[in-house]
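Trainee: I've got a new model open and I'd like to learn how to read it. Could you walk me through it?

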Amino acid sequence: MPTQTYEPIATTTASGSTNSISFNSIPGTYTRLVIVANLQHNGPSNNMEELRIRFNNYSGGSSYQSVRWFGKGGYLNTGGETASSYQCGYFSSTSYTPTVSRINVLNYVSSNQTKQMITQWSSLGAADPYLFYNGGIWNSNSTVTSIQLSTFYGYNFSTASTFTLYGIA
């Protein structure tokens, strides 16, 4: 199997006063995209936040579908949803260890396939560690040229939150 090369396309650090970030003008020269995010929010310390993704700023009805597995210790939770954005996982406030999220976007340049996503995230260094896996699709044949990441409950990303978009050659 050939070695895959991760080429950084863009990196951004949250300002602490916004609940969304965007990657725009994404080149169509890679086989897939990977977003790596280190996440914390500025909300109450006992509240979790959800990371959500949209492509090309599209939020129509039920265009994103997902299934998830969430576990810690001997506990396992499964579920799924159809929504106007794709759930990429949960993360905590600045009172806790940052959550690391890795979002794979497959066949993002294809004009005849839906876009597939695989998400992994964890908070293994926390006092209450957990793992999360998610798979989903965006029901569109459009080439992905921009990505919007946002919080679901409206808490702002803390200044410790970083996001890097990679192209896989």
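Mentor: Sure, and let's begin with a term: a residue counts as buried when its relative accessible area is under 20%, and as exposed when that area is over 50%. Keep in mind that this is a predicted model.

Trainee: Okay, so is V144 buried or exposed?

Mentor: Put V144 against that cut-off: its relative accessible area is 1%, so V144 is buried. Mind you, V144 sits in a loop, the one between β10 (131–138) and β11.

Trainee: Which residues does V144 touch, leaving aside its neighbours within four places in sequence?

Mentor: For that we ask which heavy atoms come within 4.5 Å. V144 is in contact with I26, F55, N56, Y108, K115 and W138, once neighbours within four places in sequence are left aside. As for distances, V144 and S15 are 129 residues apart in sequence and 25 Å apart in space, going C-alpha to C-alpha.

Trainee: And what about I147, where does that one lie?

Mentor: I147 belongs to strand β11, which covers residues 147–151. Its relative accessibility is 0%, so I147 counts as buried too. Skip residues up to four places away in sequence, and I147 touches I21, S22, F23, I26, L33, I35, I53, R54, F55 and L165. Take L165 from that list: it is 18 residues from I147 in sequence, with 9.5 Å between the C-alpha atoms.

Trainee: How do I read strands in general?

Mentor: In a regular strand, side chains alternate between the two faces of the sheet. For a case here, look at β5 (residues 64–72) and β6 (residues 75–83), which pair in the antiparallel sense over nine bridges. Within that pair, R68 stands opposite G79 in β6.

Trainee: What links β5 and β6?

Mentor: They form a hairpin with two residues between them, and G73 in the turn has a positive phi of about 55°.

Trainee: Now zoom out for me. How many helices and strands does the protein have?

Mentor: Zero helices and twelve strands. The radius of gyration is 15 Å, close to the 15 Å the globule rule gives for 169 residues, so the protein is as compact as a globular protein of that length. Its C-alpha atoms fill a box of roughly 45 × 40 × 35 Å along the principal axes.

Trainee: What share of the residues is buried?

Mentor: Of the 169 residues, 43% count as buried. On the outside, the protein exposes about 7900 Å², with carbon and sulfur atoms supplying 49% of it.

Trainee: And how do I judge contacts across the sequence?

Mentor: Take the contacts with a separation of 6 or more: residues 24 or more positions apart account for 75% of them.

Key: Residues are numbered from 1 along each chain as its sequence is written. This is a predicted model: local features need pLDDT of at least 70, side-chain atom pairs count only at pLDDT 80 or more; totals for chains, interfaces and linings use all residues. Side-chain values use heavy atoms; hydrogens and water are left out. Helices (H or I, at least four residues) and strands (E, at least two) are DSSP runs, numbered from the N terminus. The radius of gyration is taken over C-alpha atoms; the globule rule is 2.2 Å times the number of residues to the power 0.38. Buried means under 20% relative accessible area, exposed over 50%, partly exposed in between (1.4 Å probe, protein chains only). Accessible areas come from the Shrake-Rupley method with a 1.4 Å probe; for residues, only the protein chains shown count as cover. Two strands pair if DSSP finds at least two bridges between them.
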